[in-house]
Amino acid sequence: MIECSGVGHVYAAGSPWAQRALEGVDLTVASGERVVVVGSNGSGKSTLAWLLAGLMKPTEGYVHLDGEPIDLTKRETAISFQHARLQLFRPTVASDIRFGMQLPDRTVDDALALVGLDPDQFRDRKVDELSGGEQRRVALAGAIVRRPRLLVLDEPLAGLDAPGRKALIDMLRRVHALANMTVVSVTHDLGYAALLGDRAVVLQRGRVASDSPVADVVRAYTPSTPSAPSAETAPSAETH
Amino acid sequence: MATATDLHLLRCLPRPSPLHRLWAGTKLVIVAAVGTAVVAKPTWAAQGVAAAFLGIAMLAAHYPLGALPRLPKWFFYVLGFGAFLAFTAGGKPYVHVAGYNLGLNGIEEWARFTVLGVIVLGLAIVLGATTPVADLPGAVDRLCTPFRWLRLPVDEFVAAFTLVVRAFPLILDEIRTLFAAWRLRRPELPRDMGVLRELHDALVTAVAASMRRARDLARAIDARGGLGRMPPPPVRIRVADVVALLLAGATIVAIVRL
């Protein structure tokens, strides 16, 4: 279980450029839950993603994973950034998935299959020959192969076309079902929120504006939406 | 832990000051001239004059202590290791401590060049803290006018400079993301020479990601019909600019003569 209590964060605290990104965020995410954090640009959602992944310590409050502060050395958390190339550190797909770990070929192939890439086709491909969508899948394979307890996805659908989005959403559902890990997705695109999680946390100006089932949030923010959208028909409704 | 953003590079102080009101070109000329003078003659006396000039500039900029760059711990460890190596070089003058002859020339040279680095960087930091980034390309364009008469590729240089300055926050952000991804995937660095491979891999990733970004940027520029040349804003030399130039001139004379 992830627990955020009174979490606040100020960038460049104590300097003339101090900027508050989060304030008084209380959030609990149960193990195995799929939560989507929605907010406009500057709402603090990416800051929350970094705090949940343990990449930063909040300047106020705390973020605990199963009652303890997040320790990166335990490899309990993973994050997938929008710009996947920045997460790929080795020249070939298989060597990148192995980065920082000793893994048998079988595990690497399983991870590739899980993210929808044919191991025989992709194992020895160079990461710079891959498309943006394929790089994102490889980055995700590198993240989930460590079996983290929490997977954070920062704008997972940004920059993908409709078929790419559908494929990624299907893959994320598959990964969640098989690995049963807690998944927190961060997006500004309310239209796809219903497909990324069961519960939506809306951030506005660094504060939690609402925390409710995703269908309620979609209804509240897009009153004309008659029903939950599908991956192919989801409108690109931004929160602001 | 200090991060790339804690360096506060090229971030203009939000509170206006007399230095904010100077033309960006004036500040560029002063920093280049005083910096060159003190590098050319790095004696303690010359550095004292340059440090005094830097102090006056910081006061005029209303530069708060909280705006100073926050450097990571490893930087000070490296600096300390350099001091130790310099100390082992010995040389005149000698001091006698507990029956040992210790030569202080090495450590004195280290201290002198460290202070020189702080002064030169300090001048650049004050420039960055009092000049909006958007003002720099226009000022560089104006200052490069004499080189245009010599048919040097000034327009291309100014265009490249503009892109570098504009892309700087983006680069910092990407370095931050890359470092974060690296920390998550490799929370413990190898304790042997394998660390060099890790650094190599991170650098290759940074270069590959930068190339992609550069390609995308170039395509976007092409799609908009190329860079072209924006007419630089008019130069407005005020009394404050003249005073600043005179003060810098006096500082340079003092540096050269001391």
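## A tour of chains A and B

Begin at B:Phe179, a partly exposed residue with a relative accessible area of 35%. Keep in mind along the way that this is a predicted model.

**Stop 1: helix 8 of chain B**

With B:Phe179 still selected, add B:Trp182. These residues form a tilted aromatic pair, with 6.4 Å from centre to centre and 55° between the planes. Show the backbone as a ribbon: both residues lie in helix 8 (residues 154-185) of chain B, three residues apart, which is about one turn of the helix. Is B:Trp182 buried or exposed? Its relative accessibility is 10%, and anything under 20% counts as buried, so B:Trp182 is buried.

Now select helix 9 (residues 194-223) of chain B as well. Helix 8 and helix 9 of chain B pack at an angle of about 140°, and their axes are 11 Å apart. The two helices are therefore oblique to each other. Turn the view until one lies in front of the other, and you are looking at a right-handed crossing.

**Stop 2: a charge over a ring**

Select B:Arg176 and A:Trp50. B:Arg176 lies over the face of A:Trp50, 4.2 Å from the ring centre.

**Stop 3: more rings in chain B**

A pair of aromatic rings is described by the distance of the centres and the angle of the planes. Over all chains, the structure holds six aromatic pairs. For one of them, pick B:Phe75 and B:Phe76: this pair is edge-to-face, with 5.6 Å between the centres and 90° between the planes. B:Phe75 is partly exposed, at 32% relative accessibility, and B:Phe76 is also partly exposed, at 47%. Add B:Trp74 to the selection, and you have a cluster of B:Trp74, B:Phe75 and B:Phe76 linked by ring pairs.

**Stop 4: another helix pair**

Select residues 24-40 and 44-60 of chain B, which are helix 2 and helix 3. How do these helices of chain B run relative to each other? They pack at an angle of about 160°, with axes 10 Å apart, and are therefore roughly antiparallel. The crossing of helix 2 and helix 3 of chain B is left-handed.

**Stop 5: a cis bond**

Most residues other than glycine have a negative phi, and most peptide bonds are trans. Zoom in on B:Lys92 and B:Pro93, where the peptide bond is cis, with omega near -5°. B:Pro93 sits in the loop between helix 4 (73-89) and strand 1 (94-97) of chain B.

**Stop 6: a mixed sheet in chain A**

Move to chain A and colour its strands. Six of them form an open sheet in the order 6-7-8-3-9-10, with mixed pairing. Strand 6 (77-80) and strand 10 (207-213) of chain A are at the edges with a single partner strand each, so one side of each has no neighbour in the sheet. From one strand to the next, the twist averages 20°.

Inside this sheet, strand 3 (residues 34-39) and strand 9 (residues 199-204) of chain A pair in the parallel sense over five bridges. Try selecting A:Val36 and look across to strand 9, where A:Ala200 stands opposite.

Then visit the edge at strand 6. In a regular strand the side chains alternate between the two faces of the sheet. Along strand 6 of chain A, A:Thr77 and A:Ile79 point one way and A:Ala78 and A:Ser80 the other, and all are buried. Strand 6 runs parallel to strand 7 (residues 150-154) of chain A, joined by four bridges. Which residue in strand 7 of chain A is the bridge partner of A:Thr77? Select A:Leu150 to see this partner.

**Stop 7: two positive phi values**

Beside strand 7, look at two loops. A:Arg147 is in the loop between helix 5 (132-144) and strand 7 of chain A, and A:Glu155 is in the loop between strand 7 and helix 6 (162-179) of chain A. Phi is near 50° in A:Arg147, a positive value in a residue other than glycine; phi of A:Glu155 is near 50° too. Show the surface: A:Arg147 is exposed, with a relative accessible area of 58%, whereas A:Glu155 is buried, with 10%.

**Last stop: an antiparallel sheet**

Finish with the four strands of chain A that make an open sheet in the order 2-1-4-5, with antiparallel pairing. Strand 1 (residues 2-11) and strand 4 (residues 60-65) of chain A pair over five bridges. Select A:Glu3 to find A:His64 of strand 4 opposite.

Conventions
Residues are numbered from 1 along each chain as its sequence is written. Chains are lettered from A and ligands numbered from 1 in the order in which they are written. This is a predicted model: local features need pLDDT of at least 70, side-chain atom pairs count only at pLDDT 80 or more; totals for chains, interfaces and linings use all residues. Side-chain values use heavy atoms; hydrogens and water are left out. Two strands pair if DSSP finds at least two bridges between them. Axes are lines fitted to C-alpha atoms, for helices over the stretch in contact, and angles run from 0 to 180 degrees between N-to-C directions. Rings of Phe, Tyr and Trp (its six-membered ring) pair if their centres lie within 6.5 Å; planes under 30 degrees apart count as stacked, over 60 as edge-to-face and the rest as tilted. Buried means under 20% relative accessible area, exposed over 50%, partly exposed in between (1.4 Å probe, protein chains only). A charge sits over a ring if NZ of Lys or CZ of Arg is within 6 Å of the ring centre and within 35 degrees of the ring normal. Angles under 35 degrees count as roughly parallel, over 145 as roughly antiparallel, 65 to 115 as roughly perpendicular and the rest as oblique. A crossing is left-handed if the near helix is turned anticlockwise from the far one by less than a right angle, and right-handed if clockwise.
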